[in-house]
Amino acid sequence: AALVLAFQVRLVMKAHSFIRENVPRVLSSVKDKSGTVHIPRISQYLYFLFAPTLIYRDNYPRNPTIRWGYVATKFAQVLGSLFYAYYIFVRLCIPQFRNSSQETFNLRGLVLCIFNSILPGVLILFLVFFAFLHCWLNAFAEMLRFADRMFYK
């Protein structure tokens, strides 16, 4: 459910950006009563849907070629990050909660269990953010030949 919600939020944000960039152009051409109304092509909109940006433009800077070695490296980093997060979870988080499920409930045990899980939880959070925001999005940016990766800098 969380992945579906995240995907829907992304689509709503992209639709908002598309409308925000194109409606003023259409309204100004109607207001000026000019014969030509620039409406984006469907290919431009589809490229925008998959490009790792939330700001719509008709054309983005593009790389001339796809570096497939870079794409493979990024996907390998995604897999490595997920396996490392799994390892941290299995080795550091599960034993804490397995031991607490066999004991009677007390506040001290709960607090110790939570505090012992804070560092592994933060490590897993960093790994997931690195895997998605850096590796996954850069791999798709490279496959789409999206060249403007320092847009927000």
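**Exercise 1. A lysine in helix α1**

Task: Find K14 in this predicted model, starting from its place in helix α1. Is K14 buried or exposed, and which residues does K14 contact beyond its neighbours within four places in sequence?

Solution:
- Step 1. Look along helix α1, since that's where K14 sits.
- Step 2. Check the accessibility. The cut-off for buried is under 20% relative accessible area. K14 comes in at 2%, so K14 counts as buried.
- Step 3. List the contacts, skipping neighbours within four places in sequence: K14 touches F48, L49, A51, T53 and L54.
- Step 4. Try another residue of the helix. Q8 is in α1 too, but with a relative accessible area of 44% Q8 is partly exposed.
- Step 5. Now jump to F75, 67 residues away from Q8 along the chain: the two C-alpha atoms are separated by 24 Å.

**Exercise 2. What does α2 pack against?**

Task: Which residues of helix α2 are buried, and which helix do they pack against?

Solution:
- Step 1. Helix α2 covers residues 42-50, and its buried residues are Q44, Y47, F48 and L49.
- Step 2. Those buried residues pack against α1, which runs over 2-31.
- Step 3. Bring in the largest nonpolar core. Its seven residues are Y47, F48, A51, Y56, Y60, A141 and F146.
- Step 4. Zoom in on Y47. Leaving out residues up to four places away in sequence, Y47 touches Y60, R62, L144, R145 and F146.
- Step 5. Have a look at one of those partners, R145. You'll find R145 in the segment after α4, and at 28% relative accessibility R145 counts as partly exposed. Its phi is near 60°, which is a positive value in a residue other than glycine.

**Exercise 3. Hunting salt bridges**

Task: How many salt bridges are there, and which parts of the chain do they link?

Solution:
- Step 1. You need a rule for picking pairs: a side-chain nitrogen of Lys or Arg within 4 Å of a carboxyl oxygen of Asp or Glu. The count comes to three salt bridges.
- Step 2. Take R57 and E21, whose closest N and O atoms are 3.4 Å apart. This pair links distant parts of the chain, with R57 in the loop between α2 and α3 and E21 in helix α1, 36 residues apart. Both partners are partly exposed, R57 at 33% and E21 at 31%.
- Step 3. Next come D58 and R25, which meet at 2.6 Å, N to O. D58 lies in the loop between α2 and α3 and R25 in helix α1, so this salt bridge ties together parts 33 residues apart in sequence. R25 is partly exposed, with a relative accessible area of 29%.
- Step 4. Finish with E142 and R67, where the closest N and O atoms are 3.0 Å apart. Here E142 is in helix α4 (residues 107-143) and R67 is in the loop between α2 and α3, 75 residues apart. E142 is buried at 0%, whereas R67 is partly exposed at 43%.

**Exercise 4. A buried charge without a partner**

Task: Which side chain of opposite charge is nearest to K74, and how far away is it?

Solution:
- Step 1. Go to helix α3 (residues 68-102), where K74 lies.
- Step 2. K74 is buried yet has no salt bridge.
- Step 3. The nearest side chain of opposite charge is E142, 9.4 Å away. You've met E142 already, in its salt bridge with R67.
- Step 4. What does K74 touch, then? Not counting residues up to four places away in sequence, K74 touches H134, C135 and A139.

**Exercise 5. Record versus model**

Task: Where does UniProt place the feature "transmembrane region", and how much of residues 68-89 and 109-137 is helix?

Solution:
- Step 1. Read the record: the unreviewed UniProt entry puts this feature at residues 68-89 and 109-137.
- Step 2. Residues 68-89 are 100% helix and 0% strand, with end C-alpha atoms 31 Å apart.
- Step 3. Residues 109-137 are also 100% helix and 0% strand, and their end C-alpha atoms are 40 Å apart.

**Exercise 6. Splitting the chain**

Task: Which residues belong to each domain, and how many residues of each are in contact?

Solution:
- Step 1. The domain assignment gives domain 1 (1-59) and domain 2 (61-152).
- Step 2. Their C-alpha centres lie 31 Å apart.
- Step 3. For contacts, nine residues of domain 1 meet nine residues of domain 2.

Key:
Residues numbered from 1 in each chain as written. Predicted model: local features only at pLDDT ≥ 70, side-chain atom pairs only at ≥ 80, totals over all residues. Heavy atoms only, no water. Buried < 20%, exposed > 50% of the residue type's maximum accessible area, 1.4 Å probe, protein only. Helix = DSSP H or I, 4+ residues; strand = E, 2+ residues; numbered from the N terminus. Contact = heavy atoms within 4.5 Å. UniProt positions renumbered as here; feature names shortened; annotations may be inferred. Core = buried A, V, L, I, M, F, W, Y, C linked by side-chain atoms within 4.5 Å. Lys, Arg positive; Asp, Glu negative; His and termini not counted. Domains from an automatic or database assignment.
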